[in-house]
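Got a minute to go through some labels on a structure? I'd like to know what stands behind each of them.

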Amino acid sequence: MSHELGEKWVTIGRHDGNAFQIAETSVSGRHCEVRLNGEDLAVRDLQSTNGTFVDDKKIIEGVLKPGQTLRLGEVELRLAASIPTETPGTAFNSKMLLKATSPKTAPVAPSAPKPMPVEEVKPVSPVGNGEVPGKKYQVLFVDDSLAFLETFTELCSALSNQMWEIHSAASADRALAILQQNPIDLVVLDIGIPMVDGIQLLGIIGRRYSGLKIVVLTGKASESNRATCLAGGAELFIEKPVSPEGIKMVFNMLNDLVSWTHRDGFSGALRQVGLQEVIQMECNGRHSSILEIRNQQTFGQIYIEAGAITHAAVGTLVGERAFNKLLSLKGGEFQLKSFKAPPQRTVQSGWEVLLLEAARRDDEETGLITKKSVEDAAKPSAPNPPPAAEENHAVLGDDIVVVATYDGKWKPAGDAKK
């Protein structure tokens, strides 16, 4: 097992999403990250359970030199020259550390997806959805992984068509210093940062910078963390994406959130991804939350419990009728709230069925409106009423011939002279 190294940070761990995946139980999901620096290797531990060691010395940050051994849990790695190729490089070769008892091997996971190449990313239009033309948004990413900061910054910069000015910080103190020095529009932070963790940092930022939009983007997407962050003022709680499609969806949500101003349509993350996609993300992630939806006339709630829609209410409607009513709204705003048990369970259908039915109803309504417009356009115009006939009044004159007179008796005109 080996991995070619380069000048960018590379994450090593047991879970999918790591550039170098090692399916061993003694290795943490995100164990450490490394970057080639000349002949040496820079190493940073990512709060691993079993520690990161250089020649049996535990490190938080350190340097691995040629000939030294890097140990992650019970797995040893060494720096070695790679097999010569057209592009020479350096490789890690992995082997087990032989002990009295062999470490338990985790099921072999599929290869981690490769990071989405920047050249394949299609940037979004910098103007639209109500944002100010030419405005550059100040965005701060806070994450303990330099590899993630490097990759995600590069991708978001390309997707935003350079309309984001991105700042990055790997610690709470650095994040707070950047906030003091720059007019930040959006903070995207991870929970797992050292010393002051992301949940504490969320509270500090919320108190110091009231109204600043904050999103939690983390690999530790437990329900307790989710509830705590949403209650602490986070606009969104999102699990870190590991696929190109996931990265693009997350970017769209962040971009819409940072560029939103009061305008027609839904606010928050509903302009580019839609209510259906927000519900789909919540259910796919088996999250529990309450989605509040409102506009000037309507307020309703959709309860999502462990990825299942269990209740919906709007006005006097409940259940699927309420769900369809809320998804038919054409404008308003939404907010994710921490989960509480619904007053009753009124929805039994799966979320996939509910979304398909809502989409069908929307298509039918759109079709009826379109059909009526076409029929109205095709109706012949009512004919103009005929002009009123002119009344002809005879006028006594030379053209009138007198043929008889009357003086009690009718007499021919010639007798009148007699």
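**Burial and charge pairs**

Q: Why is cysteine 32 called buried?
A: Because cysteine 32 has a relative accessible area of 0%, and buried means under 20% (partly exposed is 20% to 50%, exposed is over 50%, with a 1.4 Å probe and protein chains only). One caveat up front: this is a predicted model, where local features need pLDDT of at least 70 and side-chain atom pairs count only at pLDDT 80 or more, while totals for chains, interfaces and linings use all residues. Residues are numbered from 1 along each chain as its sequence is written, and side-chain values use heavy atoms, with hydrogens and water left out.

Q: And what makes cysteine 156 buried?
A: Its relative accessible area is 0%, so cysteine 156 counts as buried.

Q: How many disulfides are there?
A: Zero. A disulfide would take a pair of cysteine sulfur atoms within 2.5 Å.

Q: Why do glutamate 292 and arginine 294 count as a salt bridge?
A: Their N to O distance is 3.5 Å, and the label asks for a side-chain nitrogen of Lys or Arg within 4 Å of a carboxyl oxygen of Asp or Glu, so the pair qualifies.

Q: Are those two partners buried or partly exposed?
A: One of each: glutamate 292 is at 13%, so it is buried, whereas arginine 294 is at 34%, so that one is partly exposed.

Q: How do you know that glutamate 357 forms a salt bridge with arginine 360?
A: The closest N and O atoms are 2.6 Å apart, so the pair meets the cut-off. Glutamate 357 also pairs with arginine 361, at 3.1 Å.

Q: What separates glutamate 357 from these two arginines along helix H8?
A: About one helical turn in each case, because arginine 360 is three residues away and arginine 361 is four residues away. Helix H8 covers residues 351-378; a helix here is a DSSP run of H or I, at least four residues, numbered from the N terminus.

Q: What makes glutamate 357 partly exposed?
A: Its relative accessible area is 25%, so it gets that label. Arginine 360, at 37%, is partly exposed, and so is arginine 361, at 43%.

Q: Which residues are linked in a network of salt bridges?
A: Arg30, Asp143, Asp144, Asp190 and Lys240. The structure holds 15 salt bridges.
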